[in-house]
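Let's take a friendly walk through a protein model together. Keep the picture open while you read, and look up each residue as it comes along.

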Amino acid sequence: MTLRRMKTYTGGQGYVYQYYFVGKRAALAGDPAAPAEEFIFDVTSDRKTTFSVSVLLPQESLQEWSLAHGRTVNEAEQYGAVKMRLFQAFDEIEDMMKVGRRLLVTSEILENVLNTLNVQ
């Protein structure tokens with residue numbers, strides 16, 4: 001049994017989210033974002049109902065960033081970008097359980113969040 005560390009984030013909509021990282025896997029071949037890595041988080045905003053949120057990081061976004069910066073995005077930077085995308089959703093989406101279950105890290109989002117993290 002894996003012991004997971006519950007973390008807390010206060011979103012811009014006023015909700016206090018608790019979340020933990022479940023794991024990552026290759027996105028299903030039929031997913032519109034495929035090929036991509038799917039990072040899965042379990043999330044709750046009321047400590048009663050927990051739901052999964054998938055953050056998809058397409059290979060296309062990684063390749064575009066790599067071409068622009070002359071190097072690949074390492075694992076830690078990928079996780080950082082995905083987590084920042086999750087936080088962005090916490091800040092902007094009022095009902096995460098209804099409309100925030102599948103998030104995408106586009107090329108533009110990847111560029112912006114890695115820039116915010118001072119990754120060049």
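Let's begin with a pair of residues in neighbouring strands: R25 has E38 in β3 as its bridge partner. The model you are looking at is a predicted one, so every value below was computed from it.

**The sheet**

The pairing of R25 and E38 belongs to a larger pattern, in which β2 and β3 run antiparallel and are joined by eight bridges. What holds such neighbours together in general? Strands of a sheet pair through backbone hydrogen bonds, and they can do this in a parallel or an antiparallel way.

On its other side, E38 stands opposite L56 in β4. Strand β4 covers residues 51-58, and its pairing with β3 is antiparallel, again over eight bridges. A second opposite pair here is F39 with V55 in β4.

Zooming out, the open sheet is made of five strands in the order β1-β2-β3-β4-β5, with mixed pairing. Which strands lie at the edges? They are β1 (7-10) and β5 (102-104), each of which pairs on one side only. Neighbouring strands are turned against each other by 35° on average, ignoring direction.

At the β1 edge, four bridges pair β1 with β2 in the antiparallel sense. Y9 has Y17 in β2 as its bridge partner.

Two hairpins are worth a look, and the table sets them side by side.

| Hairpin | Residues between the strands | Residue with positive phi | Phi |
|---|---|---|---|
| β1 and β2 | five residues | G14 | near 95° |
| β3 and β4 | six residues | R47 | near 65° |

Helix α1 (residues 59-69) packs on this sheet and touches β3 and β4, with its direction at about 45° to that of β4. One residue to find in helix α1 is S66. Is S66 buried or exposed? S66 is buried, because its relative accessible area is 18% and the cut-off for buried is under 20%. Leaving aside neighbours within four places in sequence, S66 is in contact with R71, T72 and V73.

**The core**

Strand β3 is mostly covered, with eight of its nine residues buried. How many residues make up the largest nonpolar core? There are 27, and F41, V43, V53, F90, M96 and L110 have the most contacts inside it. At least two residues of this core come from each of β2, β3, β4, α1, α2 and α4 (107-116). The biggest contribution is that of α2, which gives six residues.

F41 shows what a well-connected residue looks like. Without counting neighbours within four places in sequence, the contacts of F41 include Y19, F21, V53, Y79 and L86.

**Aromatic rings**

The structure holds 12 aromatic pairs. One of them is formed by Y9 and F90, whose ring centres are 5.8 Å apart and whose planes meet at 35°, so the pair counts as tilted. Y9 belongs to strand β1 and F90 to helix α2 (residues 75-92), so this pair ties together parts that are 81 residues apart in sequence. F90 itself is buried, with a relative accessible area of 0%.

Both Y9 and F90 are members of one aromatic cluster, whose other members are Y15, Y17, Y19, F21, F39, F41, Y79 and F87.

**A loop residue**

To finish, look for D31. Where is D31 found? D31 is in the loop between β2 (16-26) and β3 (36-44). With 19% relative accessibility, D31 counts as buried, because the cut-off is under 20%.

Not counting residues up to four places away in sequence, D31 touches L56 and R102. L56 is the residue that stands opposite E38. D31 and L56 are 25 residues apart in sequence, while their C-alpha atoms are 9.8 Å apart in space. There is also a link within the loop region: a polar atom of the D31 side chain lies 2.8 Å from the backbone nitrogen of A33.

Definitions and conventions:
Residues numbered from 1 in each chain as written. Predicted model: local features only at pLDDT ≥ 70, side-chain atom pairs only at ≥ 80, totals over all residues. Heavy atoms only, no water. Buried < 20%, exposed > 50% of the residue type's maximum accessible area, 1.4 Å probe, protein only. Contact = heavy atoms within 4.5 Å. Polar contact = N/O pair within 3.5 Å; in protein donor to acceptor, adjacent residues only side chain to side chain. Pairing = 2+ DSSP bridges. Axes fitted to C-alpha atoms, helices over the stretch in contact; angles between N-to-C directions. Phe/Tyr/Trp six-rings, centres within 6.5 Å; stacked < 30°, edge-to-face > 60°. Core = buried A, V, L, I, M, F, W, Y, C linked by side-chain atoms within 4.5 Å.
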